[in-house]
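Work through the exercises below with the sequence and the model open. Try each task before reading its solution.

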Amino acid sequence: MRLLPNVILLLVLLALWESLHLAVGPSAMASPWATAARLASLLAQADTWRHIGATASAFAWSLLLACVGGVALGMLLGLNAMAGNVAEPILMNLYALPKVTLYPLVLLCFGLGLGSKVAFGVMHGLIPILLFTMNALRHLPPVYMRSARSLRLAPWQTAWHILLPAIAGEVLAGIRLGFALTLLGVLIGEMFASQKGLGYLAMTAMGAGDIATLLAIALLLTCFAVTGNALLLRVGRHLEHP
Amino acid sequence: MSRALPLSDLVRMQAARRPEPVHVELAQVTRRFTHPATGEPFQALGPIDLALVKGEFFSIVGPSGCGKSTLLDLLSGLGKPSSGRVLFEGKPVNGVPEGVGVVFQENAAFPWLCVRDNIAFGLRRAGVEAAEVQRRVDYALGFMGLRDFAKAYPAQLSGGMRQRVCIARTLVTQPRLILLDEPFGALDQQTRLLMGDELLKLWRETGATVLLITHALDEAAMLSGRVGVMSTRPGLFIDFVDTGWPADRDSRVVSTPRFGEITARLWEKLRVETLKIMGGAH
Ligand SMILES: Nc1ncnc2c1ncn2[C@@H]1O[C@H](COP(=O)(O)OP(=O)(O)O)[C@@H](O)[C@H]1O
Ligand SMILES: [Mg+2]
């Protein structure tokens, strides 16, 4: 089973965390047990759930937009060789850009609140999904398109019944990457310009020197990200071996 | 009919076939490309005149790069000629016409669909009624010896099996013209001979006009009613060989003297062309 390595990995991480805690002291690093206890007490408060709700809705919107936009734009650019060749270096540069520098601009456009958070999440998540989709299409065996034409498929049938299933695995890999990056984007957005959300909560905890709360939030987010990743991996494996 | 026919009978059969209606016609067809490296335009094919009679089994052999696949693209409407006319059933070809089926050299089975869904693919997209799809797919599964693999995925099949799936996918659309571009190129010799028999069976059963592109002279000699030999680039027909096989032939014709004669004649023409490509010193 694949369970055992995971359990061992978890134990090793816990041991490292505990030793770090012992080495630097509780004011810099709360122990795993203190963190878990803090998380439990946080989750017992209704207020925490309001913040979780705010982050969750911003994240859900961001991921949806990043996926739909990334796949749609990726398909357009992947199918049009010239547009793809022009767009690729631009996208690469955009992607490499530290996006935090653009945050003031995003705030000006979308104002404080959900809009900015979503925009920031999408900015992080869309480009990898777009690039994965585009490259999957570029490396598509030409015989698929020739088959589509020889079977006299309408353009939408080709897109839906051939292109999408043919690239599904790679698109999903892009979405896995986009998932983590979108979450990151939303959290950074919340840290800088929001009165709600887990990012905001973490920022206030940091200001107050409340290490246990900070780590508790990090733990919660890690659990969420790991679960999301595992689910997407699972879907991907199902696609490969239907 | 499986005994060797006397030559006079063969001649009469040929003569009797002549008045059959022309199914596909190419008139003064050429295709030019630009060279990907130098950007220079060059003529890849033609000018070609060719008429296929309805229901005939015609094969094309020629050195690689002579424009066989290009010719098939023009016939199927997947490509456009630079000049000349391509007619299918009397109408100019513009896009893939209804009634034309293509089998490609590459493995074109969709890996995300099981064998049954692969074969049903074209029919479902065309909106054929579910019961009819089922009926035709069941028939094709049996005909192509794929019944036990209906639920398997292409990755679980051998190369020969996958090519059968592709042939079946084309077959169920009931094409009146079947174009095959080196469909058995990736298969071993024994499998190729057996697949050839399947193809003959399919041809007899459907009455379709078949155009087979192959690099294997024996395949062309054994399967076809007529073989066209193409020259090196720009591809032109330099010879047509009537094999005169009866309609109920199968791979056993390879043991007849006639088979040897046909293959020898094909090779004689092709040898010269192949030598030209290889630098042709001798
Ligand atoms: N799209 C294309 N652009 C440029 N050259 C091409 C293109 N398609 C084919 N050719 C060239 O045309 C010639 C004939 O190709 P092809 O029809 O594939 O040959 P064959 O199938 O007989 O091996 C080759 O020299 C090939 O490189
Ligand atoms: Mg070819």
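**Exercise 1. Unusual backbone**

In which loop of chain B is the place of Q174(B)?

Solution. Q174(B) sits in the loop between α5 (159-171) and β7 (177-181) of chain B. Helices (H or I, at least four residues) and strands (E, at least two) are DSSP runs, numbered from the N terminus.

Before going on, note the ground rules. This is a predicted model, in which local features need pLDDT of at least 70, side-chain atom pairs count only at pLDDT 80 or more, and totals for chains, interfaces and linings use all residues. Residues are numbered from 1 along each chain as its sequence is written, chains are lettered from A and ligands numbered from 1 in the order in which they are written, and side-chain values use heavy atoms, with hydrogens and water left out.

Next, look at the backbone angle. Q174(B) is not a glycine, yet its phi is positive, about 55°. Most residues other than glycine have a negative phi, and most peptide bonds are trans. Then check exposure. Q174(B) is partly exposed, at 47% relative accessibility. The cut-offs are under 20% relative accessible area for buried, over 50% for exposed, and partly exposed in between (1.4 Å probe, protein chains only).

Now repeat the steps for R152(A): where is its place?

Solution. R152(A) is in the loop between α7 (142-150) and α8 of chain A. Its phi is near 55°, a positive value in a residue other than glycine. R152(A) has a relative accessible area of 45% and is partly exposed.

**Exercise 2. The shell of ligand 1**

Which residues surround ligand 1?

Solution. Start with the list. The shell holds F33(B), T34(B), F42(B), A44(B), S64(B), G65(B), C66(B), G67(B), K68(B), S69(B), T70(B) and R233(B). A residue is near a molecule if one of its heavy atoms lies within 4 Å of it.

Now take the atom pairs, using the polar contact cut-off: N or O atoms within 3.5 Å; within protein, one must be able to donate a hydrogen and the other to accept it, and residues adjacent in sequence count only if both atoms are side-chain atoms.

- C66(B): a backbone N or O atom is 3.3 Å from an oxygen atom of ligand 1.
- K68(B): a backbone N or O atom is 2.8 Å from an oxygen atom of ligand 1.
- R233(B): a polar side-chain atom is 2.8 Å from an oxygen atom of ligand 1.

Then add coverage. On its own, ligand 1 has 560 Å² of accessible area, and the protein covers 64% of it. Such areas come from the Shrake-Rupley method with a 1.4 Å probe; for residues, only the protein chains shown count as cover.

Next, assign elements. β1 (22-34), β2 (41-53) and α2 (68-76) of chain B give two or more residues each to the shell. The largest share, three residues, comes from α2(B).

Finally, sort by class. The shell has four nonpolar, six polar and two charged residues. Ala, Val, Leu, Ile, Met, Phe, Trp, Tyr, Cys and Pro count as nonpolar, Asp, Glu, Lys and Arg as charged, and the others, Gly among them, as polar.

**Exercise 3. After R233(B)**

Is the peptide bond from R233(B) to P234(B) cis or trans?

Solution. The bond is cis, with omega near -5°. P234(B) lies in the loop between β9 (226-230) and β10 (237-242) of chain B.

**Exercise 4. A residue in β1**

Is T30(B) buried or exposed?

Solution. First, place T30(B): strand β1 of chain B. T30(B) counts as buried, at 5% relative accessibility. Then find its partner. The side chains of T30(B) and S83(B) are joined by a polar contact of 2.6 Å.

**Exercise 5. The largest pocket**

Which element gives the most to the lining of the largest pocket?

Solution. Begin with the total: 24 residues line the pocket, and N6(A), L9(A), L10(A), V226(A) and T227(A) lie nearest its centre. α1 (3-24) and α10 (211-240) of chain A each supply at least two lining residues. α10(A) gives the most, with 13 residues. By class, the lining has 17 nonpolar, four polar and three charged residues.The term needs its cut-offs: on a 1 Å grid over the protein atoms alone, a pocket is an open set of points where a 1.4 Å probe fits, with protein on both sides within 12 Å along at least five of seven lines, and lining residues have an atom within 4 Å of a point.
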